[in-house]
Amino acid sequence: MKEILSLGDSLVACGRNPDDLTSLGHGFVGALAKDQASYRFLNGGYNGARLADVNFYLLETLAGCQNLAGVILWLGINDLGRQLGTSDGEWNNFVLSWQDQYGRLVTLLRAQLGWDLPILLLAPVAVRTEPRQLDLVQAVRELASSRHLTFVDPNRWLTPEDFMPDGIHLKGRGQEEVAKHLGDWVSHLT
């Protein structure tokens with residue numbers, strides 16, 4: 001059975017057992033698995049993960065995969081949180097470095113799994129969109145465009161009611177909305 005791997009932070013992990021890729025959690029990965037029974041879904045989300053953390057665990061995570069049909073990446077909000085309070089110059093340097101690191105992650109995925117592997121990049125989300133978050137969204141959008149990847153920006157359709165009180169994590173309704181919007185991409189994979 002073909003597999004779809006989701007990698008990212010707590011928006012991906014959503015209650016999964018971090019020692020078991022087949023533990024789907026109660027978020028969009030689990031919802032996709034219910035709607036797309038022709039695929040085996042794997043959840044490589046880690047609470048608090050930053051891009052560097054996903055890179056660190058990537059080869060170990062890929063060792064648990066057998067027949068990938070696609071990869072979903074959702075990163076950025078923890079990277080943003082750790083950069084709050086930096087100067088504009090430091091922030092601009094961070095965004096360029098972060099985008100480069102994200103590009104290296106995509107290159108490594110393709111080198112390990114095939115250059116034609118479908119990859120979907122989700123934009124970082126928060127209930128209150130800050131200018132610096134928009135910089136990361138733009139960085140992800142540009143990366144997706146330059147690498148011919150699918151880009152999805154949940155900020156365009158998630159509402160404040162979809163978020164938990166912390167303004168970052170999604171309620172069940174928000175996770176279901178993400179699954180609904182990604183379902184079409186999944187259904188077109190071969």
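Colleague: How do the residues lining the largest pocket divide into nonpolar, polar and charged?
Modeller: In this predicted model, the lining includes nonpolar residues such as Ile 77, Leu 80 and Leu 84, together with Arg 128, Glu 130 and Asp 166. Since Arg, Glu and Asp count as charged and Gly is placed among the polar residues, the lining of the largest pocket divides into six nonpolar, three polar and three charged residues.

Colleague: Which helix gives the largest share of that lining?
Modeller: Among the lining residues are Ile 77, Leu 80 and Gly 81, and the pocket that they help to line has a volume of about 230 Å³. The largest share, three residues, comes from the helix spanning residues 77–81, which is α4.

Colleague: Which strands stand at the edges of the open sheet?
Modeller: The sheet has five strands with parallel pairing, in the order β2-β1-β3-β4-β5. Two of these strands have a single partner each, so one side of each is left without a neighbour in the sheet, and these are β2 (40–45) and β5 (150–152).

Colleague: What is the bridge partner of Leu 7 in β2?
Modeller: Strand β1 (residues 3–8) runs parallel to β2 and is joined to it by six bridges. In β2, the residue that partners Leu 7 is Gly 44.

Colleague: At what angle does helix α5 run to β3?
Modeller: Helix α2 (residues 28–35) lies across β1, β2 and β3 (68–74), at about 175 degrees to β2. Helix α5 (residues 88–113) also packs on the sheet, where it touches β1, β3 and β4 (119–122), and its direction makes with that of β3 an angle of about 170 degrees.

Note on methods. Residues numbered from 1 in each chain as written. Predicted model: local features only at pLDDT ≥ 70, side-chain atom pairs only at ≥ 80, totals over all residues. Heavy atoms only, no water. 1 Å grid on protein atoms, 1.4 Å probe; cavity = no way out; pocket = protein on both sides within 12 Å on 5 of 7 lines; lining within 4 Å. Points joined across faces, edges and corners; volume = space filled by probe spheres on them. Helix = DSSP H or I, 4+ residues; strand = E, 2+ residues; numbered from the N terminus. Pairing = 2+ DSSP bridges. Contact = heavy atoms within 4.5 Å. Axes fitted to C-alpha atoms, helices over the stretch in contact; angles between N-to-C directions.
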